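Subject: Structure for you to look at

Hello,

Here is the structure I promised to pass on. Please open it and keep it beside you while you read my notes.

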Amino acid sequence: MQQTGRRVAKAGDALAAADGDAWSRAVHAIGGSSRNIGALQLAAVCTAAEKLAREANGAGSFVLINRLKTEYEAVKREIHLIRGIQITHQSNREFRPIFHG
């Protein structure tokens, strides 16, 4: 997740510098990683951002960078939540989550 955080920062920097190629590469990488872990909302934002980059639509891209950051933070929170859960097997054949804080 740290690498994705750096990519999100690079995407913002690229957009601020009006570097469409760097923006497109960053959102492409984020989108691929997102799809791999099932973060489909984040991946969808990246797909839209890549389309805008191909169209050289800077105004639309500025709207999407905020959405990209919001979706990234949501995924990061979910991953931290999942990492805090340990599943244990009980003798009555039920699985129970144990939360670690």
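Asp21, Arg25 and Asn36 are exposed on one side of helix H2. The other side is a different story. There, the buried residues of H2 are Ala22, Trp23, Ala26, Val27, Ile30, Gly31 and Ser34. Look down the helix axis, and these buried residues fall within an arc of 165 degrees, so they line one face of H2. Why does such spacing give a face? An α-helix has 3.6 residues a turn, so residues three or four places apart point the same way.

Keep in mind that this is a predicted model.

What covers the buried residues of H2? The cover includes helix H1 (2-16), helix H3 (40-54) and H4.

Now check the length. H2 runs over residues 20-37, which makes 18 residues. At 1.5 Å a residue, the helix should span 26 Å. Its end C-alpha atoms are 26 Å apart, so the model agrees with the expected span. After H2 comes glycine 38. Its phi is positive, near 85 degrees.

Next, the core. The largest nonpolar core has 22 residues. Those with the most contacts inside it are Ala11, Trp23, Val27, Ile30, Leu42, Ile65 and Leu68. H1, H2, H3 and H4 each supply at least two residues of this core.

Take isoleucine 30 as one case. Which residues does isoleucine 30 touch, not counting those up to four places away in sequence? They are Thr4, Arg7, Val8, Leu42, Cys46 and Leu68.

Then go to valine 75. You will find valine 75 in helix H4 (residues 58-83). Is valine 75 buried or exposed? Its relative accessible area is 13%, under the 20% cut-off, so valine 75 is buried. Leaving aside neighbours within four places in sequence, valine 75 is in contact with Met1, Ile37, Ala39 and Leu42. Try one distance yourself: the C-alpha atoms of valine 75 and leucine 40 are separated by 9.8 Å. Along the chain, these two residues are 35 residues apart.

Last, the largest pocket. About 160 Å³ of space lies in it. H1 and H2 are the elements that give two or more residues to its lining. The largest share, 5 residues, comes from H1. Among the lining residues are Gln3, Arg6, Arg7, Lys10 and Ala14. Ala22, Arg25, Ala26 and Ala29 also line the pocket. Arg25 is worth finding again, as one of the exposed residues of H2.

Best wishes

Note on methods:
Residues numbered from 1 in each chain as written. Predicted model: local features only at pLDDT ≥ 70, side-chain atom pairs only at ≥ 80, totals over all residues. Heavy atoms only, no water. Helix = DSSP H or I, 4+ residues; strand = E, 2+ residues; numbered from the N terminus. Buried < 20%, exposed > 50% of the residue type's maximum accessible area, 1.4 Å probe, protein only. Contact = heavy atoms within 4.5 Å. Expected span 1.5 Å × (residues − 1). Arc of directions from axis to C-beta. Core = buried A, V, L, I, M, F, W, Y, C linked by side-chain atoms within 4.5 Å. 1 Å grid on protein atoms, 1.4 Å probe; cavity = no way out; pocket = protein on both sides within 12 Å on 5 of 7 lines; lining within 4 Å. Points joined across faces, edges and corners; volume = space filled by probe spheres on them.
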